[in-house]
Amino acid sequence: MSVEVKIGIENSPRELAFTCPDKADDVYAAADRALSGTDAVLSLTDDKGSRVLVPAVKIAYVEVGSAENRRVGFGAA
């Protein structure tokens, strides 16, 4: 199960949104470390293997939610 991550960047009109294969608690802990000043950079890896690095001082907000499983076919419930 992967989680959807949205990161708001200061002075940027768009948010950074991607799906991460990590657990929601792990992503939240990494964001908490970055925002509390323990880490200078928030470092995450998306579900395609690309690394995402965001300077902690530029983070406006981090939203961590569960990603919905993709449904295939007509009338899939």
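**Group meeting: a walk through the β-β-α-β-β-β chain**

Okay, let's start with Ile7: setting aside neighbours within four places in sequence, this residue is in contact with Glu15, Leu16, Phe18, Leu42, Leu44, Val54, Ile59, Tyr61 and Val62, where contact means heavy atoms within 4.5 Å. Before I go on, the small print: this is a predicted model, with local features needing pLDDT of at least 70 and side-chain atom pairs counting only at pLDDT 80 or more, while totals for chains, interfaces and linings use all residues. Residues are numbered from 1 along each chain as its sequence is written, and side-chain values use heavy atoms, with hydrogens and water left out.

So, the overall layout. The chain has 1 helix and 5 strands, and from the N terminus the order is β-β-α-β-β-β. Those are DSSP runs numbered from the N terminus, helices being H or I with at least four residues and strands being E with at least two. Of the 77 residues, 23% are buried; buried is under 20% relative accessible area, exposed is over 50%, and partly exposed is in between, with a 1.4 Å probe and protein chains only. If you take contacts between residues at least 6 apart in sequence, 51% of them join residues at least 24 apart.

Back to Ile7, then, and the core. Which residues have the most contacts inside the largest nonpolar core? They are Val5, Ile7, Phe18, Cys20, Val27, Leu42 and Leu44, in a core of 15 residues. The term covers buried Ala, Val, Leu, Ile, Met, Phe, Trp, Tyr and Cys residues joined through side-chain atoms within 4.5 Å. At least two residues of this core come from each of β1 (3-9), β2 (15-20), α1 (24-35), β3 and β4 (51-55), and α1 gives the most, with 4 residues.

Now Cys20, which sits in strand β2. Cys20 is buried, because its relative accessible area is 0%. Among the residues Cys20 touches, beyond four places in sequence, are Val5, Val27, Thr45 and Asp46. Cys20 and Thr45 are 25 residues apart in sequence, yet 6.3 Å apart in space, C-alpha to C-alpha.

That brings me to Asp46, in the loop between β3 and β4. What is the nearest side chain of opposite charge to Asp46? It's Lys48, 6.2 Å away, and Asp46 is buried yet has no salt bridge. For the charges, Lys and Arg count as positive, Asp and Glu as negative, and His and the chain ends are not counted; a salt bridge is a side-chain nitrogen of Lys or Arg within 4 Å of a carboxyl oxygen of Asp or Glu. The Asp46 side chain does reach the backbone nitrogen of Gly49 at 3.0 Å, and the backbone nitrogen of Ser50 lies 2.8 Å from one of that side chain's polar atoms.

As for salt bridges, the whole structure has 2. Lys6 and Glu4 meet in one, at 3.8 Å, N to O. Lys6 counts as partly exposed at 22% relative accessibility, and Glu4 is partly exposed too, with 33%. Arg33 forms a salt bridge with Asp39, closest N and O atoms 3.3 Å apart. Arg33 is partly exposed at 40%, and Asp39 likewise at 28%.

Last stop, Ser43, in strand β3 (residues 41-45). Ser43 is partly exposed, with a relative accessible area of 28%. Ser43 and Leu53 are 10 residues apart in sequence and 4.6 Å apart in space, C-alpha to C-alpha.

Methods. A polar contact is a pair of N or O atoms within 3.5 Å; within protein, one must be able to donate a hydrogen and the other to accept it, and residues adjacent in sequence count only if both atoms are side-chain atoms.
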